[in-house]
Amino acid sequence: MDAKLTDNVFWVGYVDWSVRDFHGYITSRGSTYNAYLVKAGKTALIDTVKAPYVAAFLENVKAQVPLEQVDYIVCNHAEPDHSGGLPATVLACPNATVLCNAKCRDALAHHYDVSGWKFQVVKDSETLPLGGKTLQFFDTPMVHWPESMVTYVVEDALLFSMDAFGQHYASGFRFDDESDLCEVMQEAKTYYANIVLPYGRPVASTLARLGGLKLAMVAPSHGVIWRSHFGKILEAYQAWMVCKPAKKVVVTYCSMWNSTRVMAEAVAAGAEELPVDVKLIDVNATSDTQIVTEVMDCAAFAAGSATLNMGLMPRMAATLTYLRGLKPVGKTGFAFGSFGWASKGAEEVAQYLQAMQMKPVCEPVTCRFAPDAETLAQCRAAGRALAEVALKA
Ligand code: FEO
């Protein structure tokens, strides 16, 4: 596949077709660790790859330039999926200087033995003339880590956007216009929900800050490169960074002897009385990766748990803990669940929803053992109330 972005700018990364678990994020379509080579009067590598794939990465670099001719290795982000190959790359490129910001240098020193490395620390907006091409560096703190930065090739209007606009998406194609755009956008959404969601405010600041740049191409550190449809992903980011709600109700549940499942079905049936998108999700049958992707753009969220050992079901606890960390904002919530002798499951669910600042649509609905007709009517009414909220989105 064509690895050339512009004159003398090449993709030299690694396509990871088999990765399925990215510290808990289920990467059903694999991923790529994108790295790039800018050849001008001087030569700069932009990032490296995950440590196990550094040999393949160095072969890609060697196909374009002898390793002795690499002058700079830019490290936009210290997370090991991009910096893991850095120690081996520094060894392989004897004339290279590692170029990064001060926070990144500090982070690298806490990851690796950097005692023999040559560093050049750059400040926000600083430029580096390579001779024919100019690199410019912009700090983008918390998109995704505190030291994150992006690199811009001024002459090509090309932005190496690091994690931003990325997708965990393995492909033989390098560019958005060669790929199935529906798949790419779905993976971009999943990526945003599972990686970027807590950082809506820093994303907004970054987009505002970089908004003045001319952008002919945006090359993230994962997935395909945006050269024809950047407007589409940018528009999506504007919605995702504020969790812009769709007319959607998500009902999740974790049942023991089917009582909470029957309650969840009643909540969903109530929501379906109105023309909104309703998702009914058994957390035992669905990954948290998928669940948070659905929750990110819902208007209303319900969670039900049976009570086990005086608490909520462990699988629901895992889902809600994951969601709480990712901080979806602006949702209306509803807690429910059955119990045997102490109503603790729904109580703890309600505490999670409160921690996520979800506005309760009504008091939690609980029942002892199996739900009766009155309980199911309450669940149905709660579902309809959630849909009324969603309908206004
Ligand atoms: Fe792809 Fe935050 O690393």
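This report walks through a predicted model of a two-domain chain, from its overall build down to a few single residues.

**Overall build**

The chain has 393 residues, and 56% of them are buried. Its C-alpha trace spans about 75 × 40 × 35 Å along the principal axes. In secondary structure, the chain comes to 12 helices and 24 strands. If you take the contacts with a separation of 6 or more, 73% of them come from residues 24 or more positions apart.

The chain splits into domain 1, residues 4-240, and domain 2, residues 249-391. Their C-alpha centres lie 39 Å apart.

**Where the domains meet**

Across the boundary, 12 residues of domain 1 are in contact with 11 residues of domain 2. People often give the size of an interface as the accessible area lost when the parts come together. Here the area buried between domain 1 and domain 2 is about 980 Å², and carbon and sulfur atoms give 65% of that. On the domain 1 side, Lys189, Asn194 and Leu197 supply 49% of the area buried against domain 2, more than any other three residues.

As for specific pairings, there is one salt bridge between the two domains, and five residue pairs are in polar contact. Two elements give two or more residues to the side of domain 1 that touches domain 2: β5 (25-26) and α5 (181-196). Helix α5 has the largest share of that side, with six residues. By type, the residues on this side of domain 1 divide into seven nonpolar, four polar and one charged.

**Salt bridges**

Side chains of opposite charge can pair when their charged atoms come close. The structure holds 17 salt bridges, and the table picks out a few of them.

| Salt bridge | Closest N to O distance |
|---|---|
| Lys189 and Asp297 | 2.7 Å |
| Lys248 and Asp297 | 2.7 Å |
| Arg384 and Glu273 | 3.0 Å |
| Lys4 and Asp7 | 3.9 Å |

Asp297 turns up twice there, pairing with Lys189 and with Lys248. Both Lys248 and Asp297 are buried. Lys248 sits in strand β17 (residues 248-254), while Asp297 is in the loop between α9 (288-296) and β19, so their bridge ties together parts that are 49 residues apart in sequence. Add Glu294 and you get a network of salt bridges linking Lys189, Lys248, Glu294 and Asp297.

Arg384 and Glu273 meet in a salt bridge as well, at 3.0 Å from N to O. Arg384 belongs to helix α12 (residues 373-391) and Glu273 to the loop between α8 (259-271) and β18 (277-282), so this pair ties together parts that are 111 residues apart in sequence. Arg384 is partly exposed at 32% relative accessible area, and Glu273 is partly exposed too, at 36%.

For the Lys4 and Asp7 bridge, the closest N and O atoms are 3.9 Å apart. Lys4 counts as partly exposed because its relative accessibility is 35%, whereas Asp7 is exposed, with a relative accessible area of 56%.

**A buried serine**

Ser305 lies in strand β19 (residues 300-305). Is Ser305 buried or exposed? Ser305 is buried, with a relative accessible area of 0%. Which residues is Ser305 in contact with, leaving aside its neighbours within four places in sequence? The list includes Cys254, Thr260, Leu312, Met316, Phe336, Gly345 and Val349. Met313 is also in contact with Ser305, and the backbone nitrogen of Met313 lies 2.9 Å from a polar atom of the Ser305 side chain.

**Two positive phi values**

Most residues other than glycine have a negative phi. Two residues to look at here are Cys243 and Met310, with a positive phi near 50 degrees for Cys243 and near 65 degrees for Met310.

Both are in loops, but their surroundings can be told apart by accessibility. Cys243 lies in the loop between α7 (230-240) and β17, and Cys243 is buried at 4% relative accessible area. Met310 has its place in the loop between β20 (307-308) and β21 (311-312), and Met310 is partly exposed at 47%.

Methods:
Residues are numbered from 1 along each chain as its sequence is written. This is a predicted model: local features need pLDDT of at least 70, side-chain atom pairs count only at pLDDT 80 or more; totals for chains, interfaces and linings use all residues. Side-chain values use heavy atoms; hydrogens and water are left out. Domain bounds come from an automatic or database domain assignment. Contact means heavy atoms within 4.5 Å. Buried area is the accessible area (1.4 Å probe) that two parts lose on being put together, summed over both. A salt bridge is a side-chain nitrogen of Lys or Arg within 4 Å of a carboxyl oxygen of Asp or Glu. A polar contact is a pair of N or O atoms within 3.5 Å; within protein, one must be able to donate a hydrogen and the other to accept it, and residues adjacent in sequence count only if both atoms are side-chain atoms. Helices (H or I, at least four residues) and strands (E, at least two) are DSSP runs, numbered from the N terminus. Ala, Val, Leu, Ile, Met, Phe, Trp, Tyr, Cys and Pro count as nonpolar, Asp, Glu, Lys and Arg as charged, and the others, Gly among them, as polar. Buried means under 20% relative accessible area, exposed over 50%, partly exposed in between (1.4 Å probe, protein chains only).
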